[in-house]
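Visitor: Please take me slowly through a single part of this model. I would like a close look at the largest pocket, and then a walk around the rest.

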Amino acid sequence: MRVYIGLGSNLDDPQQQVRSAIEAIQSISATSLTAASSLYHSPPMGPQDQPDYINAVVAVETELSPHQLLDALQQIEQKHGRIRKRHWGERTLDLDILLYADKVIRDERLTVPHPGIAERAFVIYPLAEIAPSLQIPGLGDLVMLKANCPPEGLQPLENKPS
């Protein structure tokens, strides 16, 4: 299954946190990285009394179920010192399953497509970089979603993850 994962960090060297997470994602069993966006600098979406974020999106092919992949991503977050202090607050690492093939999933642990995907420039722009012709279940064409989502302070960084 083709899966898109959003990455974000704003604590403890955010660029390194995101790069390290991309490496960790490559080591998930039955999963292979197929694309990684550039890194993006973005203002915080939640409380404004926190540092700006570094964001990226990766594409993987996986044989894992959505919940198995979620478990693996949460283990990576924990290894990076993830502590949930407040809603939309600062974090060393946040990994979100944005899309899992063309599936729509809504249960107590997982919602796919990720809620708010269409309004978040820090997701739409890196996603469009690696999958410009993507169709998002229930939302439509990524090109149109990007056209309706202003960048709002989002800035690509020069260096792309290796």
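Guide: Let's begin with one word: a residue is buried when its relative accessible area is under 20%, exposed when that is over 50%, and partly exposed in between, using a 1.4 Å probe and protein chains only. By that rule, buried residues make up 51% of the 162 residues in the protein. This is a predicted model, so local features need pLDDT of at least 70 and side-chain atom pairs need 80 or more, while totals for chains, interfaces and linings use all residues. Residues are numbered from 1 along each chain as its sequence is written, and side-chain values use heavy atoms, without hydrogens or water.

Now to your pocket. Rolling a probe the size of a water molecule over the atoms shows where empty space is left. Here, a pocket is an open set of points on a 1 Å grid over the protein atoms alone, where a 1.4 Å probe fits and protein lies on both sides within 12 Å along at least five of seven lines. The largest pocket has a volume of about 780 Å³ (the space filled by probe spheres set on its points, which are joined across faces, edges and corners).

Who lines this pocket? Its lining counts 39 residues (each has an atom within 4 Å of a point). Nearest the centre of the pocket are Arg-91, Asp-94, Asp-96, His-114 and Arg-120, so try finding those five in the view. Sorted by type, the lining holds 18 nonpolar, ten polar and eleven charged residues (nonpolar: Ala, Val, Leu, Ile, Met, Phe, Trp, Tyr, Cys and Pro; charged: Asp, Glu, Lys and Arg; polar: the others, Gly among them).

The lining is drawn from several elements of the fold (helices are DSSP runs of H or I with at least four residues, strands are runs of E with at least two, and both are numbered from the N terminus). At least two lining residues come from each of β1 (2–9), β4 (53–62), α2 (66–79), β5 (94–100) and α3 (121–130). Strand β5 gives the most to the lining, with five residues.

Let's follow two of these contributors. Helix α3 has nine of its ten residues buried, so the helix is largely enclosed by the rest of the structure. Among those buried in α3 are Phe-122, Ile-124, Tyr-125 and Leu-127. Helix α2 also holds Gln-68, which is partly exposed with a relative accessible area of 43%. In the same helix you can find Gln-75, and this residue counts as partly exposed because its relative accessibility is 47%.

Moving from α2 towards β5 along the chain, you meet Glu-90 in the loop between them. Glu-90 counts as buried because its relative accessibility is 16%. Leaving aside residues up to four places away in sequence, Glu-90 touches Asn-10, Leu-11, Asp-49, Gln-50, Tyr-53 and Ile-83 (a contact means heavy atoms within 4.5 Å).

Some backbone details deserve a stop too. Most residues other than glycine have a negative phi, and most peptide bonds are trans. The peptide bond from Val-112 to Pro-113, however, is cis, with omega near -5 degrees. Pro-113 sits in the loop between β7 (111–112) and α3, and its C-alpha is 17 Å from that of Gln-68, 45 residues away in sequence. Asp-13, in the loop between β1 and α1 (14–26), has a positive phi of about 60 degrees without being a glycine. Its relative accessibility is 48%, so Asp-13 counts as partly exposed. Glu-152 likewise has a positive phi, about 40 degrees, and is not a glycine. You will find Glu-152 in the loop between α4 (142–147) and β10 (155–156), where it counts as exposed because its relative accessibility is 58%.

Glu-108 lies in the loop between β6 (105–106) and β7, and it is exposed, with a relative accessible area of 75%. From Glu-108 to Ala-128 is 20 residues in sequence, and 28 Å in space between C-alpha atoms.

Finally, step back to the whole. The protein has four helices and ten strands, which run β-α-β-β-β-α-β-β-β-α-β-β-α-β from the N terminus on. Its C-alpha trace spans about 35 × 35 × 35 Å along the principal axes. Of the contacts between residues at least 6 apart in sequence, 69% join residues at least 24 apart.
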